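Reader: I would like to go through this model and ask what stands behind each term used for it.

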Amino acid sequence: MFLAVDIGNTSTAFGIFDKNVLKKTFRCNSDKNLSANDYEKSIKQELCEYQITDCLISSVNKEVENAIKTGIRNIIDKEPLLILPTGKADMKILTDFPETVGADRLANAYYAKKFNLPAIVIDIGTAITFDVVSKDGDFVGGVIMPGLDMQLKALNLCTSKLPKIELKKSKKAIGNTTESCILSGVIRGTASAIDGLIAQSENELKNEATIILTGGQYPFIIEYLKNRIDITDRDVTLKGICDIYNSQVFL
C-alpha cells in the first residue's frame, strides 16, 4: 500500500491508497514543537492495520517536514520521497521561477490533467490558491490569496476594536452586528473574489475551464459561489500525490 502525505502550514493530511483507491484519510496539526517521535506515535496508530511499502510527501512547511519524514521512515523502514518541481514530468511548469512552485500546487495541477482541459483547481485552505492547467496540460500559474482564517485573524490583529471571531456561516450580506459584518466581508467577499478570478482566468485562457474545488474550508464558500463548479473533492491534493507517484514524475 502507498501513503500520500500533504504537509501544510496549519495541518498535515495523510491518505492510504491500495493501488489507486483511497482507503483512508487522517489529519494532524502541523506543529513545529512536536518531535519525530511524537509524530511517529500518532501516525503509527493510524497505520496499524495497513502494510505501507512506499510514501510520497508534498510539503510547504519545512519546520515540520523533517520530523514527519523521520517518523514515517521509522515506521515503514524506507525513506519517504519528496515532490520536487525540478523533477522530470509530462507536465511543463510554465512560470518564471518553476523551482518556487509549491509541491501541493503541483499535485493539484497534476490531478486535474485527467479531466477536460483547461482546468482550474481552487484550494481553500490556510491560503486560497488557483492552480491553472492549460489546454495542453501544462501548469501555467494561478492565484494566491489569504485564506478565511487568515483574514479573520488579520482583522483582529490589525485593528484596535474588531474582535476575533470563529469561522461560521454568513446568514446575510448586510450584517447587523460586528460579527455578521465580518463574516459577510470575509466569506461572501471571498466567494465574489473567486467568481471574479475564475471569469478573468477563463478570459485569459480563452476557454471555459473545468473548475475543481478542494481544501478543508471549501464548504464555507461553496453556497455563495455563483460560478459553475464541476468537481468538489476535499482530497484532490492527496489523489494528485498518488498520481505523481504512479507516474514517477516530480521526483
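Reader: What share of the 251 residues in the chain is buried, and what makes a residue count as buried?

Author: The model is predicted. A residue is called buried when its relative accessible area is under 20%. Buried residues make up 48% of the 251 in the chain.

Reader: Why is the chain called as compact as a globular protein of that length?

Author: The globule rule gives 18 Å for 251 residues, and the radius of gyration of the chain is 19 Å, close to that value, so the description holds. Along the principal axes, the C-alpha atoms fill a box of roughly 55 × 45 × 30 Å. The chain has 6 helices and 10 strands.

Reader: What makes β8 and β10 edge strands?

Author: Each of them pairs on one side only, and a pair needs at least two bridges between the strands. The order in this open sheet of 5 strands is β8-β7-β6-β9-β10, with mixed pairing. Strand β8 covers 139-146 and β10 covers 231-232.

Reader: How do you know that β6 and β7 pair?

Author: The requirement is at least two bridges, and β6 (residues 119-124) and β7 (residues 127-133) have 6, in the antiparallel sense. The two strands therefore count as paired. One of the bridges joins I124 to I128 in β7.

Reader: What part of the contacts with a separation of 6 or more comes from residues 24 or more positions apart?

Author: Such residues account for 57% of those contacts, where a contact means heavy atoms within 4.5 Å.

Conventions:
Residues are numbered from 1 along each chain as its sequence is written. This is a predicted model: local features need pLDDT of at least 70, side-chain atom pairs count only at pLDDT 80 or more; totals for chains, interfaces and linings use all residues. Side-chain values use heavy atoms; hydrogens and water are left out. Helices (H or I, at least four residues) and strands (E, at least two) are DSSP runs, numbered from the N terminus. The radius of gyration is taken over C-alpha atoms; the globule rule is 2.2 Å times the number of residues to the power 0.38. Buried means under 20% relative accessible area, exposed over 50%, partly exposed in between (1.4 Å probe, protein chains only).
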